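Reader: I'm a first-year student and I'd like to look closely at just one of the pockets here. Could you walk me through the second largest one?

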Number of protein chains: 2
Amino acid sequence: MTDALHPLDAALAFTAGADGALAGRTSPAYWNMVGPFGGITAAQLLKAALDHPARIGEPVAQTVNFCAPIAEGDFVIRVKEVRSGRSVQHFYAELVQGETIAASATMVFARRSPTWGHHTAAMPEAPPPADVPVLTKKPPLAWLGAYEFRYVSGLPIMASEAFPEPQSAKSLIWVADQPPRPLDHVALASLCDVFIVRVFQVRGLRTPAGTVSMTSYFHASTEELARQGTRPLLARVDSTRFGDQFHDQQAELWSDEGKLLATTTQVVWFRE
Amino acid sequence: MTDALHPLDAALAFTAGADGALAGRTSPAYWNMVGPFGGITAAQLLKAALDHPARIGEPVAQTVNFCAPIAEGDFVIRVKEVRSGRSVQHFYAELVQGETIAASATMVFARRSPTWGHHTAAMPEAPPPADVPVLTKKPPLAWLGAYEFRYVSGLPIMASEAFPEPQSAKSLIWVADQPPRPLDHVALASLCDVFIVRVFQVRGLRTPAGTVSMTSYFHASTEELARQGTRPLLARVDSTRFGDQFHDQQAELWSDEGKLLATTTQVVWFRE
C-alpha cells in the first residue's frame with residue numbers, strides 16, 4: 001500500500017465549478033470494452049450527490065440510466081435537489097459530455113433512525129471465501145482487474161458459438177475491490193454492477209450488449225458497511241426473461257456476516 | 001358498460017399547454033389514504049412520456065420517485081427528452097403542484113425488434129382465478145375498489161396491535177382492473193404498485209408508511225399485453241430486509257399463460 005489514492009477514490013475526485021457543476025474524468029482503472037464500467041458511473045453519480053451542499057443523510061436508493069456511450073476524457077455532473085423533506089431527500093443528476101447527456105440518475109437519501117427491523121431473506125449457502133479460488137484468467141478489460149472474483153458457481157464461459165442449450169443465468173460470487181478498500185456506499189453502488197452481462201453467460205456468446213438502467217437499494221448504514229471492511233461480499237445474480245433486445249437482472253449483495261447490504265436490478269439491451 | 005371513460009383512462013386525460021407541459025388532475029377513483037395510490041401516479045407519468053411528440057417505441061423501464069404528498073386537485077407533468085438513440089430513448093419527468101415537485105420519473109422506451117429469447121423464471125403454482133374467491137371485505141380506500149383481488153396466499157390481516165412474531169412478507173394474488181379494462185403498459189405500470197405495503201402485512205399493524213421509489217421493467221409488447229385482455233394477472237411479492245425506516249419489495253406480474261410481463265421493485269419508508 002502507498003499513500004496514492006485508491007483507483008475508486010481517484011475516479012471520484014471532482015472539481016467544483018462556480019455553478020455547482022462537478023468536473024470529473026473517466027477512470028482508466030475501470031475501463032470496459034467501449035466505455036467505462038457502468039458501476040463506476042453509478043459511483044460517480046452517487047458521489048456527486050453525496051458532495052451536494054444540501055445533502056442530508058445516507059444513500060437509500062439509486063437509479064442510473066445509461067443514455068449514451070461515455071467517451072474517454074472529461075465530463076461534468078450536474079446534481080439537482082428535487083425535494084428535501086425532514087428526513088428524506090430526492091436528487092436528479094446528469095453526467096454530461098459536450099451536448100450529450102450520457103447518463104442520468106435519481107437518488108434518494110435519508111436521515112435514517114432506528115425502527116422495528118426484520119431480515120426475511122436467507123443468505124445463500126457458500127463455502128468461505130478462503131476456500132474458493134480467486135479467478136485469475138480474465139478477459140483483458142481493465143475493470144475486471146479492479147475486482148477480485150471468487151466464483152462459487154456460474155462462472156461465465158465464452159465460446160466461439162452459442163451453446164446448443166441456454167445455460168443458467170445464475171451466479172454466486174465472493175467479490176471485493178482490488179486493491180482492497182474498506183466498504184462504503186460508493187463502493188457498494190459500483191459493486192451492484194459487478195456481474196458479467198447475463199446474456200453472455202446464458203448463450204456463451206458475446207454480442208453487442210449493455211446495461212440501459214440499473215436500480216440499487218442500500219439497506220446498510222455507513223457504520224454497518226465499515227464493519228464489513230475489506231472482506232469479500234457474497235453476490236448472487238439471476239435473470240428471468242430475455243427477448244426482443246432486452247433482459248432483466250436481479251441481484252443481492254451480502255455481508256460475510258449474513259446481512260443483505262444491497263438489492264439491485266437492471267435491464268440490459270442486447271442485439272441478435 | 002357505458003360509453004364513459006374507464007377510470008384509468010379518465011385519470012390519464014391531460015391538456016397540453018403551449019410549453020408542452022401536460023395539465024392533469026388527481027383521480028378520486030384511485031385515492032389512497034392521504035393522496036393518490038402510487039400506481040396511478042406511475043401510470044400518469046408513463047402516459048405523459050407516451051404522449052411526448054418525440055417518443056419512439058414502447059416502454060421498457062420506469063423509475064418513479066414519490067417526493068412529496070400529492071394534494072387532491074390539479075397538477076402539471078413536464079417531460080424532458082434526455083437522449084434519443086436509434087432504438088432506445090430516455091426521458092425524465094416531474095409531476096409538479098405549485099412550487100413542489102411531488103414526483104419524478106426516469107423512463108426508457110425502445111423500438112424493440114425480435115432477437116434470441118429465453119424465459120428462465122417459472123410461474124408460481126396457483127389455482128385458476130375462477131377457483132379463488134374475490135376479496136370483498138376491503139378497507140374503505142377508493143383505489144382498493146379499482147382492482148379485483150383474489151388472494152391465493154398472504155392476505156394481509158390488520159390487528160389492533162402488532163403480531164408477536166413477524167408474518168410472511170409473501171403474497172400471491174390474481175389481480176385485475178375493476179371495472180375490467182384490456183391490459184396495456186399504463187395499466188401494467190399501475191398494477192406494479194398493487195401490493196399492500198409489506199410492513200403492514202408482516203407486522204399486522206398499520207403505521208405511517210409509503211413508497212419512496214419504485215422501478216418497473218416491462219417485458220411484454222403492446223400486442224402481448226393485448227392478448228392478456230381483461231383476464232387477471234398472477235402477482236407475486238416479497239421483501240428481504242426491514243429496518244431503520246425503510247424496507248424493500250420485489251414483485252413479478254405474470255400473464256395467465258405463464259409469461260412474465262413485468263418485474264418490479266420498490267423501497268418503502270415507514271415509521272416506528
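Author: Sure, let's start with the walls: the lining of the second largest pocket has 22 nonpolar, 11 polar and 5 charged residues. In that sorting, Ala, Val, Leu, Ile, Met, Phe, Trp, Tyr, Cys and Pro count as nonpolar, Asp, Glu, Lys and Arg as charged, and the others, Gly among them, as polar.

Keep in mind that this is a predicted model, where local features need pLDDT of at least 70, side-chain atom pairs count only at pLDDT 80 or more, and totals for chains, interfaces and linings use all residues. Residues are numbered from 1 along each chain as its sequence is written, chains are lettered from A and ligands numbered from 1 in the order in which they are written, and side-chain values use heavy atoms, with hydrogens and water left out.

Now for the space itself: the second largest pocket has about 1200 Å³. It has 38 lining residues, with B:V34, B:A209, B:G210, B:T211 and B:W269 closest to its centre. Two or more lining residues come from each of strand 5 (88-97) of chain A and, in chain B, helix 3 (142-145), strand 10 (209-218) and strand 14 (260-270). Strand 10 of chain B gives the most, 4 residues. (Helices, H or I with at least four residues, and strands, E with at least two, are DSSP runs numbered from the N terminus.) A pocket here is an open set of points on a 1 Å grid over the protein atoms alone, where a 1.4 Å probe fits, with protein on both sides within 12 Å along at least five of seven lines; lining residues have an atom within 4 Å of a point. Points are joined across faces, edges and corners, and the volume is the space filled by probe spheres set on them.

For comparison, the largest pocket holds about 1600 Å³. Its lining has 48 residues, and A:N32, A:V34, A:A209, A:G210 and A:T211 are the ones nearest its centre. Strand 10 of chain A gives that lining the most, with 4 residues.

How do the two chains relate? Chain B can be laid on chain A with an RMSD of 0.0 Å by a turn of 180° and a shift of 0.0 Å along the axis. The copies are thus related as by a two-fold rotation axis. (That fit is by least squares on the C-alpha atoms of residues with pLDDT of at least 70 in both.) As for where they touch, each chain brings 64 residues to the contact, meaning heavy atoms within 4.5 Å.
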